[in-house]
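Student: I've just opened this one and would like to know how the labels are earned. Can we go through it together?
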Amino acid sequence: MHPLGIGGKEDPVRLVFDAATGPALNATIVDMGNRFRMIVNTVEVVKPLEALPRLPVARALWKPQPDFDTGVGAWILAGGAHHTGFSLALTPEHLEDFAAMADIEYLIIDRETTLRAFKNELNWNEAAYRIGHG
């Protein structure tokens, strides 16, 4: 049990552990008004330089791909949400397949991403959905 410290509620039971290192991904789905958009960022989970004893949750420290500035910039441009799903088990291809089955727009931020190309993809996707994607 770890104190919650906010909201005036009882302290919740939380699973606390350190994630394994290696390739992983973060994903979110946002409502764009005329469609749903899935944004996926591949990341590399790294070992923290120090223990994180005051972080009473599942813990992972990662480097977004292709680099911090590009990864964060693309996430913000796409409208990426604050809350994400994180997985060391799923691949971008798993989520791309799901997005295709669910007819959800899919954007990947990975080693190949440049902000110029990503902005163009956002513009092309917007145009495609306005004229009737499908």
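Student: How do the residues of the lining of the largest pocket divide into nonpolar, polar and charged?

Tutor: Keep in mind that this is a predicted model. The lining divides into seven nonpolar residues, five polar and no charged. Among the lining residues are Val43, Trp62, Pro64 and Phe68, and Val, Trp, Pro and Phe count as nonpolar. Gly71 is in the lining too, and Gly goes with the polar group by the definition used here.

Student: Which elements supply at least two residues each of that lining?

Tutor: Strand E3 (36–46), strand E5 (61–64) and helix H1 (68–77) do. H1 gives the largest share, four residues. The pocket itself has a volume of about 220 Å³.

Student: What makes H1 and H3 roughly parallel, rather than antiparallel?

Tutor: H1 and H3 (residues 115–130) pack at an angle of about 15°, with their axes 10 Å apart. That angle makes H1 roughly parallel to H3, because angles under 35 degrees count as roughly parallel. As for handedness, the crossing of the two helices is right-handed.

Student: Which residues of H1 and H3 meet?

Tutor: On the H1 side you have Thr70, Gly73, Ala74 and Leu77, and they meet Leu115, Phe118, Lys119 and Leu122 in H3. The residues of this contact divide into five nonpolar, two polar and one charged. Lys119 belongs to the contact, and Lys counts as charged.

Student: What kind of peptide bond joins Gln65 and Pro66?

Tutor: A cis one, with omega at about 0°. You'll find Pro66 in the loop between E5 and H1.

Student: What is notable about phi of Asp103?

Tutor: Phi of Asp103 is near 55°, a positive value in a residue other than glycine. Look for Asp103 in the loop between helix H2 (92–102) and strand E7 (105–109).

Student: And how many helices and strands does the chain have?

Tutor: Three helices and seven strands. Starting at the N terminus, the order is β-β-β-β-β-α-β-α-β-α. If you want a feel for the extent, the C-alpha atoms fill a box of roughly 55 × 35 × 25 Å, taken along the principal axes.

Technical notes:
Residues are numbered from 1 along each chain as its sequence is written. This is a predicted model: local features need pLDDT of at least 70, side-chain atom pairs count only at pLDDT 80 or more; totals for chains, interfaces and linings use all residues. Side-chain values use heavy atoms; hydrogens and water are left out. On a 1 Å grid over the protein atoms alone, a cavity is a set of points where a 1.4 Å probe fits but cannot get out, and a pocket is an open set with protein on both sides within 12 Å along at least five of seven lines; lining residues have an atom within 4 Å of a point. Grid points are joined across faces, edges and corners, and a volume is the space filled by probe spheres set on the points. Axes are lines fitted to C-alpha atoms, for helices over the stretch in contact, and angles run from 0 to 180 degrees between N-to-C directions. Angles under 35 degrees count as roughly parallel, over 145 as roughly antiparallel, 65 to 115 as roughly perpendicular and the rest as oblique. A crossing is left-handed if the near helix is turned anticlockwise from the far one by less than a right angle, and right-handed if clockwise. Contact means heavy atoms within 4.5 Å.
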